[in-house]
Structures are given as structure tokens and as C-alpha cells.
Amino acid sequence: MTKAIISINHVTKDFGSVRAVNDANFEIAEGEFFSLLGPSGCGKTTLLRILAGFEVPSAGSIYIDGRDVTLLPPNHRPVNMVFQNYAIFPHLNVASNIAFGMRRSGLSKAELAERIEEMLELIRLPGYGERGAHELSGGQRQRVALARALIKQPKVLLLDEPLGALDKKLREQMQIELRQLQQQVGITFVFVTHDQEEALTLSDRIAVMSQGDVLEISTPGELYEAPRSRFVADFIGTMNFFDCIVGDYRGGVLSADSAELGPVRVACTTPPAAPGEGFVLAIRPEKFQLVFDDAGASANTVRGRMGPSAYLGDRSHFYVYLEGRNEPVSVALPNLARSLDRIRGVDQEVWLTWPEDAAVLLPREE
Amino acid sequence: MSASPSEPVRATRGGVRVWFMRSESARGYALLSPTLVVVVLGLIFPIVILTTLSFWKQDYVDIIRTFTLENYSAFFEKKIYYLILYRSIRISAFVTLVTIVLAYPLAYFIAFHVQKNKIMWIILVTIPFWTSYLLRVFAWKVILGYNGVINSGLISLGLISEPLEFLLYNPTAVVITLAHAWAAVAILPIYVSLEKIDRSLIEAARDLGESAFMTFVRVTLPLSLPGVIAASLLVFIPTVGEYVTPTLVGGTRGIMIGNIIQSMFGKALNWPLGAALSIISMLTVTLAVCVLLGGTRWFRKKVG
Ligand SMILES: Nc1ncnc2c1ncn2[C@@H]1O[C@H](COP(=O)(O)OP(=O)(O)OP(=O)(O)O)[C@@H](O)[C@H]1O
Ligand SMILES: [Mg+2]
């Protein structure tokens, strides 16, 4: 990892009896696109506001660029924020909004005008300087908020769900633009979202939060393919969980037994528990294969009945019921013509198979 | 050329209804009409009468109904009217200024620093209004008077030996009394406009590097200007014509145009001159309001 630009040292924040952030302790590297991801009310905004200087942590300290800023007010921090509702000043036009933070920059009027024009170019709104704040669409307001923060050339840009108010198409377009922009300007982005897809698309690393705790910090690939807790596995994408008992472990492959799946073989570097103890096997819907001929009774094969299905264009989702399991297993298949034409409908007998390296091993909780 | 395929619908009975349903402005006027009637009868009508009256002439107890500009020329020839109108405007401007300066911090405090029970604070602010206006003016007379609260207090403390005479019967007393009387009227619109300001705008200004004070100057104040303007108009316009307070606490140096107009319609018995003075002071107030609005527009431009 390159140099850390932000270091969050055992930060806790209490609002009365509510603990919004509990002992957050991690670093964010320079130039990183870092996301805070978690369900509503988990403390993402609070942590971001602590970084911006709007909240003082109840315990712990914050270092930005090597300096202790824990008690520094927002106007003295080398960070800028893009607010969830953009907070565009309604009494100022676009150019004055962008120039707002440049009052003491020491630039001459002409230089400032030039910088503003550059920023408008960057956010692809050239010639919009004279527009009033009320004459902008949601996406345009979002870009103006970005420009207003970026013109200050902060060390770190903080973004609180900046795409939350946009429709799906525009959001996807803005995601790409945001990522390009970040690479272009090379500023560290700390990005708050509750949309896991967005976090996976944009981030270099993601911190997953739940009820004030930072559960896991990983790259998007690791979070998706090798989550370290059941909460994270469940929160990111869809996941099927199966209770298993550890059998023997030989040559990097664990044999285990599951009441629902039968004998299971999983490739892993260390067994999750001692022989005879329980663990949780987690398999993503797209890791399954659907087989329509009797696949026999071997490891990583299980017989089931087709449940309801949903056509999603590029792929289809199926529910498959297993014997001895109440909730159906969720299976996703790409819509290649060959794989679909043997599906007869609900109650058809099918077999599910999955490769040895497809499953994730999680400790049993409680 | 063939006839256009969609001729506009003729205004038949159904047509009128459809037109009414379609026209935003027609429905708007319908909603407004009761108010409109009151405004026309209660405002336009008296103004027409007043204007007509101002071009007539008083002859002892009779009014001569021939057109004359005498009343208006009297205003410009006799310096006294002109000076008193000027003094009225100045006193009202002071009252407005003092009221706003006193009301703004209180409104700011309620809007930004009171978390619970804002309504209770608002009610507390209006408590002085629960007593009669006259009573409040008399209260100030008691406080400021020759043997009043302030003077007897200072004498019993031994700070002064003779009562201070400059407290009562002068323009300052009028300003103090009026500012107190109108404070609650000014607080409400300022409070409303402050309350409406999105808190994230203030945070954004801080985030962009401005101090708390400059954030106030560049964001909070401009965004609360509508409330300040409303408060200014609510205080300024009625106080120019004020005559109760100057009568009671103003003395001879505190006489305002309202007193003169009142005496013209009363003891002096010169209705046409009173009407002309009313018209002139109304036009002057309009002019002053225009100056105020122009000034705020200039301030906005400058801050932006
Ligand atoms: N000013 C405050 N006073 C009291 N409690 C607060 C305050 N701000 C946040 N909280 C509480 O702290 C917890 C975390 O809030 P926070 O705003 O950080 O959540 P979040 O993760 O941003 O959620 P969302 O995705 O809904 O925006 C919540 O339980 C919230 O009620
Ligand atoms: Mg939030």
C-alpha cells in the first residue's frame, strides 16, 4: 500500500445512548477510491462527517496527511465534501457556486474565471456559468457540487451518497464519470453508499459497516468472492448458506457433510474448524450448474425440484427446492439458448452441481 | 389553404366551464376574488376619495369643490410640513433599524439554537402583544418619565442628583417605544426565513473554507434577506403614520406627520390639506420602500 493519507485511530462516536461509530480503526491510502458501505443507519454518514470536521469523535483521533485534525474545524481541513443533497447555494449562479471557496485563493479575477471555465469543462458543463442554481437538473447539480469541491484541490474528497437522488441510467453514467474523474485528478475519494453494486463498481477498497462496526475492509473482488463473515456475504450480492460438519482434510480439499447438500468437497487452505465441528458453506447463485439428467449421488451434486423463475434479460434466476430445506436455493444462469431449452417449468426434477473452488467457508456464528 | 383542422372551441356553456377548468389564472382569480373585493372597497375606494379631496379647498366649514393645487403648493411653501415628514421618515427608519438589529439575534437564536419547544419561544416573544398597545406606550412613559423608574432609580443609587430630562419627550423616546412595540412583528418573518435555510448550505460554506462569521455574511444573511425585508416593511410603513406614540412620549420635538394629518382632520379642520399630506406621505413611503428594495438587491449582487 502507498502512503496513508487518512488514518482513523480507534474512533468512536456516541449520540446520547446511540453508538453511531464503534472503534473504527483503519487507514486510507493516497489516491485511493475508498467506499463506506452498509445498510441505513449503520454510521457511514457519521464517520464521513467526523472526517469532514462536522462531528468530533467521542474517542479516538483522526490524522489527515500526517496531521492530527481531530479537533480542527471544517474550514481548516484539507478535505472537501459533496453533500447528499448537493447543497448548491440557491442565491448564487453556477460560476459563483464554484468560486465560493476561492475567496482567499489569491487568484486574480481573470485567473479565477479561467479556473472556473476549466472546472466547467471538466464536469462537461461548459458555458453554464451564468445559470442560476434553480435552473439545473439533478445530475447537473451533482456535477456543480463536485466542481465546487474539486476547484479547491483538496487532499481528500468526501462524498455522501452523491448519486442517491439520480435515476438508474443517469446513476450508471455518473458512476463511470466519477471514476474517470477520480483517476484524472488523482485525489483520494471517500465515498459513502448503501448501494453495494455501486461500491463494487467504483471502489479500490470497501469498508463494510453494520450498526457502527466496521466489519471488513477489502477489495471488491475479495468482498464478493471471499467474504469473511456471514453478514458481509449476505449483504454483498445474493448468497446461499448451508450448515455443514467438517470431515477430513487432505491435499487442500476438505470433505464435509451437509444435511441439505449431502457430501461436499471444498478446496481450501485451512479447514474452518476441527473435525466433527460445524461451519457454514456459502455458494453464490451463479456458481451452480443446472443438470437435467440424473447426475447420480456424488459429492457436490444435489437433487432438487424447480421452483419459480424470473427472466432478467441477460440472465435468469431460478429457485430450486432441496429435500430437507425450507427456503429455496437461488440459482442464476446466463441466458444462453442451450441452457434454457430443457427447462419444463415448476416441479421439474433437476440436479445442482458446483466446482470444488466455488464455495466460501464461513465460521458458524452464535 | 385548407381550413385548420382544430378550430378553437366556441365559448358555449360547456366551453366556459372547460375554459375555466383549463385556465390556471382564471381559477387563481376566482380564489382571490373575496380578497380582491375587500381590497378594492377598502383600499382603492378611500384612495380615490382622498385624492379627490386633496385637490379641493377648505373654506371655514365648507369645502369648495373646484380643482386646485393649493394644498400641494402649501406643503412645499411652508417648510414645517416638509421638515416633519422628513423627521417622520427618519424616526421610522431608525425604529426599523433598531427593531431589526434587536429582532435578528433573537430570531437567529430560536431558529438555530433552540432544539425543542420552538413554539413556546415564539409564544413568549408575542407576550408583549397580549396587552393593549396604549398600555405599553404608557409603560414606557412610566419608565422614561421625569419621576419615572430610570430617574428615581438612578437618584436613589446616588448616581445623579437631578432627574435626567433627555429621556422623555423627544424622538429617542419615540424610537425606543416603537422599537419595543414592533419587535415581535419583526421577529416572526425573520425567524421563518432563517428556519427555512437548509443546514447543509451552512455546513457546505464551512467546508469550503469560510469561518463562522463569513458563512453568516455570505450564506445565512443573504438567504434570510426576504424575512428581513418583510420585517422592515412591516415595521417601517405603519410607523411613518404613527401618531399615538409621538403624542404620548414624543413631546414637541417628537411630532410626526401622523400628528399633523390627524389635527388637519380634527382641530385644524382642513380636510383637503390633510388629504394632500396623506397622499404626499404615502408617495414618500413608496419611494423609501423602493430605495430599500434597490439597496438589498445591490447587497445581494455584491455578496454574490
Ligand atoms: N445528530 C445526531 N443525533 C442523534 N443521533 C444521530 C445523529 N446523527 C446520527 N445519529 C444516529 O446515528 C446512527 C448512524 O447514523 P448515520 O447518519 O451515520 O447513518 P448512515 O449509515 O449514514 O445511514 P443512511 O444510509 O440512512 O444515511 C443512526 O442510528 C442515527 O440515528
Ligand atoms: Mg447517511
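**Ligand 1 and the A–B interface: reasoning from the values**

Tutor: In this predicted model, an oxygen atom of ligand 1 is 2.5 Å from an N or O atom in the side chain of Ser40(A).

Student: What makes the pair formed by ligand 1 and Ser40(A) a polar contact?

Tutor: A polar contact asks for N or O atoms within 3.5 Å, and the ligand oxygen stands 2.5 Å from a side-chain N or O atom of Ser40(A), so the pair qualifies. Two backbone positions can be set against that cut-off as well: a polar backbone atom of Gly41(A) is 2.7 Å from an oxygen of ligand 1, and a backbone N or O atom of Gly43(A) is 3.0 Å from an oxygen of the ligand.

Student: How much of ligand 1 does the protein bury, and which elements give two or more residues to the shell?

Tutor: On its own the ligand exposes 630 Å², and the protein buries 60% of that. The elements giving two or more residues to the shell are β2 (18-29) and α1 (44-52) of chain A, and α1(A) gives the most, with 3 residues.

Student: Why are 2 residues of the shell around ligand 1 called charged?

Tutor: The class of charged residues holds Asp, Glu, Lys and Arg, and the residues around ligand 1 include Lys44(A) and Glu161(A), so these two belong to it. The rest of the shell divides into 4 nonpolar and 5 polar residues.

Student: Turning to the two chains, how many residues does each give to the contact, and what area is buried?

Tutor: Chain A gives 25 residues and chain B gives 18 residues, while the area buried between them is about 1,900 Å², with carbon and sulfur atoms giving 57% of it. Of the area that chain A buries against chain B, 31% is supplied by Asn75(A), His91(A) and Phe100(A), more than any other three residues.

Student: How do you know that Arg103(A) and Glu210(B) form a salt bridge?

Tutor: The rule requires a side-chain nitrogen of Lys or Arg within 4 Å of a carboxyl oxygen of Asp or Glu; the side chains of Arg103(A) and Glu210(B) meet at 2.7 Å, N to O, so the pair satisfies the rule. Arg103(A) lies in the loop between α2 (94-99) and α3 (109-122) of chain A, and Glu210(B) in the loop between α9 (199-207) and α10 (212-240) of chain B, so the pair joins two chains.

Student: How many salt bridges and polar contacts are found between chain A and chain B?

Tutor: The rule finds 2 salt bridges across this interface, and the structure holds 29 over all chains; 12 residue pairs are in polar contact between chain A and chain B, both residues at pLDDT 80 or more. On the side of chain A that touches chain B, α1, β6 (79-82) and α4 (138-150) each supply at least two residues, and the largest share, 3 residues, comes from β6(A).

Conventions
Residues are numbered from 1 along each chain as its sequence is written. Chains are lettered from A and ligands numbered from 1 in the order in which they are written. This is a predicted model: local features need pLDDT of at least 70, side-chain atom pairs count only at pLDDT 80 or more; totals for chains, interfaces and linings use all residues. Side-chain values use heavy atoms; hydrogens and water are left out. A residue is near a molecule or strand if one of its heavy atoms lies within 4 Å of it. A polar contact is a pair of N or O atoms within 3.5 Å; within protein, one must be able to donate a hydrogen and the other to accept it, and residues adjacent in sequence count only if both atoms are side-chain atoms. Accessible areas come from the Shrake-Rupley method with a 1.4 Å probe; for residues, only the protein chains shown count as cover. Helices (H or I, at least four residues) and strands (E, at least two) are DSSP runs, numbered from the N terminus. Contact means heavy atoms within 4.5 Å. Buried area is the accessible area (1.4 Å probe) that two parts lose on being put together, summed over both.
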